[in-house]
Amino acid sequence: MTTLKNINDIRLAVIGLGYVGLPLAVEFGKVRSVIGFDIDQNRINKLNQNIDDTQEVSNLELTESSGSLFSAEPDVLIDANVYLVTVPTPIDAFKRPDLNPLFRASETIGTYLKRGDIVVYESTVYPGCIEEDCVPVLEKVSGLKFNVDFFAGYSPERINPGDKEHRLINIKKVTSGSTPLVADLVDELYRSIILAGTYKASSIKVAEAAKVIENTQRDVNIALINELAMIFNRMDIDTYDVLAAAATKWNFLPFLPGLVGGHCIGVDPYYLTHKAQSLGYHPEIVLAGRRVNDGMGKYVARQVILEMSKAGSVILNAKVLVLGLTFKENCPDLRNSKVIDVIAELQEYGADVDVYDPWVSSNDADSYFGVDLVEPNDQKYSAMIFAVAHEKFINDGEMLVSKHSEKNCVIYDLKRVLPEHINTTSL
């Protein structure tokens, strides 16, 4: 049994201070002392200057979080007895789960793990991952026995990067623990900051499964709409007109076509399918949806090339401007952005592609994708692709088209950001 009797006994540490961990550390830091640990010293230096490069947390919020201590020195974890793990869970080049960040975090925690401690994971995983894959690492490094000497919990993150309305404290939190008493304590801990309340799942595996199907469900639904868009395109029917008409029925689900990237929807289904395949089941619908969505970048690029050919452009060395590089609007998050697939396919056809994104630093664009960002200045283009619905593109879209379009320029408005009177092509 854990020696922790209530949340007042908790000495909290958050491991990983990215898009998920930092908001968590900051909110807890408003009501208690929190150790924030990250292996990136540059990230720590910025945070100690009250600067968050992800723009998820404001300078003021960092200042108000007086209980937060940020460090890249693992020895600070020796004072903790509850650890919240918020490291990334990506996929590798073969679309298999990459658990190395989780394993490294577990090894680090295991070095400092003491009797009675609790390790709570927030990273998205497949059902069974925490108890079957992470806990053995904790046991091996610490020499302690699970559910005798230390305990675990799972509370899947629901952070939505760039969303200033649905924030951490306003989104209901699923919680769980490896024993009933630990589950109660973990739930109470999160309820101390989550205004929207919590939902205590019956087990860690249930909480893991709930998280992974949230994004899998969205992925499959978007894949259906993407496939419908490709069908309607062949019929010369406007997909958005079809969706507007269908949405007049009360139970029609309002999904839209587009590129599916980011750290969740474009990744999480592969965690579920990996686990399913390891158990001898081949998931058909989930993987079919992934194939559709993973192919949308190439599809968009080929549609642009087709429209350019119809407009009389010579594709080789034609100037094309891609507006937006992030995986979603109004945030600098480049993780798993599918805009790069559009760019790569255009370049395969011989087009000369410029990329403009006011939300992204040149260093990040280069380190993530090897892309050199540009300011369009007075350059004219044979095609312009509005790939991301940044507010700046919505506000300045008409001006950008007027300023940078050559005669017969193809305007591909992937996110429908431009006024209706502008002649565009889209999904």
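Me: Why are helix 11 and helix 12 called oblique to each other?
Reply: This is a predicted model, in which local features need pLDDT of at least 70, side-chain atom pairs count only at pLDDT 80 or more, and totals for chains, interfaces and linings use all residues. Residues are numbered from 1 along each chain as its sequence is written, and side-chain values use heavy atoms, with hydrogens and water left out. Now the helices: the axes of helix 11 (residues 296-310) and helix 12 (residues 339-348) cross at roughly 45° and come within 7 Å. Axes are lines fitted to C-alpha atoms, for helices over the stretch in contact, with angles from 0 to 180 degrees between N-to-C directions. Under 35 degrees is roughly parallel, over 145 roughly antiparallel, 65 to 115 roughly perpendicular, and the rest oblique. The pair is therefore oblique.

Me: Which hand does the crossing have, and what makes the two helices count as touching?
Reply: Helix 11 passes helix 12 in a right-handed crossing, meaning that the near helix is turned clockwise from the far one by less than a right angle. As for touching, contact means heavy atoms within 4.5 Å. Among the residues that meet are Val-300, Ala-301 and Val-304 in helix 11, and Val-342 and Leu-346 in helix 12. The residues of this contact divide into six nonpolar, one polar and four charged.

Me: How do you know which strands are at the edges of the sheet with order 10-9-11-12?
Reply: Count partners. Two strands pair if DSSP finds at least two bridges between them, and strands are DSSP runs of E, at least two residues long, while helices are runs of H or I, at least four long, both numbered from the N terminus. This open sheet has four strands with parallel pairing. Strand 10 (352-356) and strand 12 (405-413) each have a single partner strand, so one side of each is left without a neighbour in the sheet. From one strand to the next, the twist averages 20°.

Me: What makes strand 9 and strand 11 a pair?
Reply: Strand 9 (residues 319-323) and strand 11 (residues 381-386) share four bridges, in the parallel sense, and Leu-321 has Met-384 as its bridge partner in strand 11. Helix 11 packs on this sheet too, touching strand 9, strand 11 and strand 12. Strand 9 also pairs with strand 10, over five bridges, with Val-353 as the partner of Val-320.

Me: Why is strand 9 described as largely enclosed by the rest of the structure?
Reply: Buried means under 20% relative accessible area, exposed over 50%, partly exposed in between (1.4 Å probe, protein chains only). Five of the five residues of strand 9 are buried, so the description fits. Lys-319, Leu-321 and Leu-323 point one way, and Val-320 and Val-322 the other.

Me: Is Asn-317 buried or exposed?
Reply: Asn-317 has 57% relative accessibility, so it counts as exposed. This residue lies in the loop between helix 11 and strand 9. Leaving out residues up to four places away in sequence, Asn-317 touches Gly-350, Ala-351 and Asp-352.

Me: Which strands are at the edges of the six-stranded sheet?
Reply: That open sheet runs 3-2-1-4-5-6 with parallel pairing. Strand 3 (68-71) and strand 6 (151-154) are the edge strands, as each pairs on one side only. Here the twist averages 20° from one strand to the next. Strand 1 (residues 12-15) is joined to strand 4 (residues 82-85) by four bridges, and Ile-15 has Val-85 as its partner there.

How values were computed:
Nonpolar A, V, L, I, M, F, W, Y, C, P; charged D, E, K, R; others polar.
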